[in-house]
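Subject: Structure handover and findings

Hello,

Please find the structure below, with the sequence. My notes on what was found follow after it.

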Amino acid sequence: MNKIAVVDLGWGGLIFANDVYNNLSSYKNEGLEVIFIHMPIFKYNMSDDEKVKIFDAYLNDINKKFKPVVLVIACNTLAGLYKFTTFSNLFENKVINIIDIVCGAIVRKYKEGDNVIILASELTCRCNFYKNILIKKGIAPENITEIGLSGVASSIEKNLYSNYLNDEIINKIKEKFHLKKDRRNMIVLGCTHYEYIKRSFYLIPSLYGIDEYLFISGRQEMLKCFKYEYPIKRKVITIYSYVAKCTDKIKGNLMKYYKEKSINMALENERLLFID
């Protein structure tokens, strides 16, 4: 059975794994297993070099255990670090990297003078993972703003149905959110977690009185990468976690969000992994 592995530090990438499972109607006339791998492997005080080293070790473990035909890096932090791993030079199968895919979409849809605003993790923005690629593609640096939303991803997981979550997000970005009224604003949801509350993000332009804007979704852009020609004989979705399983509170939020039997069964049957 062919395996598509979707990896994320948190539970944002699960929304994309579920998309692949629900929307992929063919894959080389063979069985297909969509595997979501939750890997909260970084500690607070780790350096970027230490994060690359540990991510490299876990990638090798994933490849050894599952041998995926496609590796999807649905986490913007991991996607930015991926090119620095030795694994990236050795893995021969297809890799779908959220940063590469989203940057490609930005470049295709960009019009001269657009104001590009990228919402992503703090590390992603600090390292300019999106911005550096876009500059190389010819977009002027003064037209690119990266906004690191520290703590928002974990808050979404824990407080998905709380009344104050929307206010928290607005407060985190309102001082940095440089929307411009004299040009089109291209707003990029660079972290898959933001898809859980995308309606909150869609409200933001109106709060600033902005009429010209375009949202770019990493989730939607990545899904376009999956196109195959033959019927699937059988497909399943499974969930694994390194380090620790999903907490009851987060699991409850996720099951309320998804509702589908397949993904909720996978959450109930989540399996714990240990690195060899």
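I start with the surface: the protein chain exposes about 13200 Å², and carbon and sulfur atoms supply 49% of that area. Please keep in mind throughout that this is a predicted model.

Overall picture

The protein chain is built with 14 helices and 10 strands. Along the principal axes, its C-alpha atoms fill a box of roughly 55 × 45 × 40 Å. The radius of gyration of the protein chain is 18 Å, which agrees with the value near 19 Å that a compact globule of 276 residues would have. Of those 276 residues, 54% count as buried. Taking contacts in the protein chain between residues at least 6 apart in sequence, 82% join residues at least 24 apart. As for charge, there are 40 positive and 31 negative charges in the protein chain, and the mean positions of the two sets are 3 Å apart.

Backbone angles

Most residues other than glycine have a negative phi. Two residues to look at here are Lys 67 and Asn 128.

Lys 67 is not a glycine, yet has a positive phi of about 50 degrees. Lys 67 sits in the loop between α2 (48-66) and β3 (70-73). Its relative accessibility is 60%, so Lys 67 counts as exposed, the cut-off being over 50%.

Asn 128 is likewise not a glycine and has a positive phi of about 55 degrees. The loop that holds Asn 128 runs between α6 (122-126) and α7 (129-136). With a relative accessible area of 29%, Asn 128 is partly exposed.

Helix α7 and Ile 135

Helix α7 also contains Ile 135. At 36% relative accessibility, Ile 135 counts as partly exposed. Not counting residues up to four places away in sequence, Ile 135 touches Pro 141 and Ile 144. From Ile 135 to Ala 79 the C-alpha to C-alpha distance is 18 Å, with their positions 56 residues apart in sequence.

Strands β4 and β8

Ile 96 belongs to strand β4 (residues 94-97). Is Ile 96 buried or exposed? Ile 96 has 1% relative accessibility and therefore counts as buried, the limit being under 20%. Leaving aside neighbours within four places in sequence, Ile 96 is in contact with Val 70, Leu 71, Val 72, Ile 73, Ile 101, Met 222, Cys 225 and Phe 226. Ala 57 is 39 residues from Ile 96 in sequence, and their C-alpha atoms are 19 Å apart in space.

Ser 217 is part of strand β8 (residues 213-217). The relative accessible area of Ser 217 is 8%, so this residue is buried. The side chain of Ser 217 reaches the backbone nitrogen of Arg 219 at 3.3 Å. Ser 217 and Gly 190 are 27 residues apart in sequence, while their C-alpha atoms are 7.1 Å apart in space.

Two further loop residues

Lys 111 is located in the loop between α5 (98-109) and β5 (115-120). Lys 111 counts as exposed, at 51% relative accessibility. The cut-off for exposed is over 50%, so for Lys 111 the value of 51% should be read with that limit in mind. Lys 111 and Met 186 are 75 residues apart in sequence and 9.6 Å apart in space, C-alpha to C-alpha.

Asn 159 is in the loop between α8 (152-158) and α9 (165-173). Which class does Asn 159 fall into at 14% relative accessibility? Asn 159 counts as buried, because buried means under 20%. Not counting residues up to four places away in sequence, Asn 159 touches Tyr 164, Leu 165, Lys 249 and Asn 253.

Taken side by side, the loop residues include exposed Lys 67, exposed Lys 111, partly exposed Asn 128 and buried Asn 159. Of the two strand residues described above, Ile 96 is buried at 1% and Ser 217 is buried at 8%.

Regards

Technical notes
Residues are numbered from 1 along each chain as its sequence is written. This is a predicted model: local features need pLDDT of at least 70, side-chain atom pairs count only at pLDDT 80 or more; totals for chains, interfaces and linings use all residues. Side-chain values use heavy atoms; hydrogens and water are left out. Helices (H or I, at least four residues) and strands (E, at least two) are DSSP runs, numbered from the N terminus. The radius of gyration is taken over C-alpha atoms; the globule rule is 2.2 Å times the number of residues to the power 0.38. Buried means under 20% relative accessible area, exposed over 50%, partly exposed in between (1.4 Å probe, protein chains only). Contact means heavy atoms within 4.5 Å. Accessible areas come from the Shrake-Rupley method with a 1.4 Å probe; for residues, only the protein chains shown count as cover. Lys and Arg count as positive and Asp and Glu as negative; His and the chain ends are not counted. The place of a charge is taken as NZ of Lys, CZ of Arg, CG of Asp or CD of Glu. A polar contact is a pair of N or O atoms within 3.5 Å; within protein, one must be able to donate a hydrogen and the other to accept it, and residues adjacent in sequence count only if both atoms are side-chain atoms.
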